[in-house]
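Good morning, and thank you for coming. I should like to take you through one protein chain, beginning with a helix and ending with a single residue. Please look at the sequence and the structure as they appear.

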Amino acid sequence: MVSSKGKHLTFSPLTNRVVLPSNGAYYDSRLDQIELVVLHTAECDLVPNAAFAVCSYLSRTQPPNRASCHYCTDPWEIVGQCHEEWTAWTAPGANANGINIEQAGRAHQTDWNSPLAQQMIMTKTVPLVADICKRRGLPPLILEASELIAERKGITDHRRVNDAFHRSDHTDCGSNYPIQQVRIAVANLLGVEPIIPGKKDEDDMKIVTSDSGTIYLVGGGMKTALVPAPNWNDTLWAINQLLASGVASEWIQQYTDNDGVVRNGVPQGALDRVADGLDMIP
Ligand SMILES: [Zn+2]
């Protein structure tokens, strides 16, 4: 239990308004350290005051429908509901260690490129996620179910949490939600090189990270310790060293960033922590 008693209680400085719960639908402590940002859709329209309305509803609704979130975004506002040091009741399986963000929109929505949806994603959701990642030391990676089960840190959504833990039937943010756009935009705001998704199963070489943080190049009958990388920035530095050495040049993929600049990246799968990676520690 990570108690919030006596702690400074936090909302992001980007928060426009706050509606604290008045129905007890939250825990005023954490069962775990904060490791995830979990995105949701609140199943409402992209209209003015949507985020405030969602938080107001959650703040007063009574059993058996009680729930809560940390933030809700719409195209105009970021509204806070539960302090980050509290546990919101949002995504069973990722409540204890997640900061949960509701967004105006619907899981079955297909038009995420609409001006209003993009305004919400790029001017509210992305800056909020980046701010949380920066303050909480979380990398701008999208975590799939297997990575959630492996207790990695990063960004995910309710659908992926349910794929991992099967604790509810919610499918938000839906298969059309541009979560990779969110990842790249967050990485840009954090000033780190985005890592583009790759074809994991076709890579016969992998970069693996041991629990002690050492990065190894593994595959083709060889294993090479590269550098110790105790944190995310060091990991990125190590990858850049690896790319600069030409050792893994076959992994380098070119992509065009939001500013139209052609950059080099490595497949996301290249960063997989694999089970036998622990055997590589000298
Ligand atoms: Zn949800």
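Which elements do the buried residues of H2 pack against? The model before you is a predicted one, and in it these residues pack against the strands S5, S6, S7 and S9, against strand S10 (154-157), and against H5. The buried positions of H2 are Ala117, Met120, Ile121, Lys124, Thr125, Val126, Leu128, Val129, Ala130, Ile132 and Cys133.

Let me turn to the geometry of this helix. H2 has 22 residues, and at 1.5 Å a residue they should span 32 Å; the C-alpha atoms at its ends are 30 Å apart, which agrees. There is nevertheless a bend of about 35° in H2 at threonine 125, and proline 127 follows within four residues. After H2 comes glycine 137, with a positive phi near 65°.

For the wider setting, the protein has 282 residues, of which 38% count as buried. Its secondary structure comprises six helices and 15 strands. Taking the contacts between residues at least 6 apart in sequence, 66% join residues at least 24 apart.

I now come to the core. The largest nonpolar core contains 51 residues, and those with the most contacts inside it are Val37, Val38, Ala51, Cys72, Ile101, Val129 and Val186. Two or more residues each are given to this core by strand S5 (36-39), helix H1 (50-60), strand S6 (71-73), strand S7 (78-80), strand S9 (98-103), helix H2 (115-136) and helix H5 (179-190). Which of them gives the largest share? That is H2, with nine residues.

Alanine 51 deserves a closer look. Setting aside neighbours within four places in sequence, alanine 51 is in contact with Cys72, Thr73, Asp74, Glu77, Ile78, Val79 and Ala104.

Finally, consider isoleucine 99, which lies in strand S9. Is this residue buried or exposed? Isoleucine 99 has 27 other C-beta atoms within 10 Å, and because the criterion for burial is 20 or more, isoleucine 99 is buried. Not counting residues up to four places away in sequence, isoleucine 99 touches Ile34, Val37, His70, Glu84 and Ile132. Of these partners, Ile132 is also among the buried residues of H2, and Val37 is among the residues with the most contacts inside the core. As for glutamate 85, it stands 14 residues from isoleucine 99 in sequence, with a C-alpha to C-alpha separation of 9.1 Å.

Conventions:
Residues are numbered from 1 along each chain as its sequence is written. This is a predicted model: local features need pLDDT of at least 70, side-chain atom pairs count only at pLDDT 80 or more; totals for chains, interfaces and linings use all residues. A nonpolar core is a set of buried Ala, Val, Leu, Ile, Met, Phe, Trp, Tyr and Cys residues joined through C-beta atoms within 7 Å. A residue is buried if 20 or more other C-beta atoms lie within 10 Å of its own, exposed if 12 or fewer, and partly exposed in between; C-beta atoms are placed from the backbone. Two residues are in contact if their C-beta atoms, placed from the backbone, lie within 7 Å. The expected span of a helix is 1.5 Å times one less than its number of residues. The bend at a residue is the angle between axes fitted to the seven residues ending there and the seven starting there.
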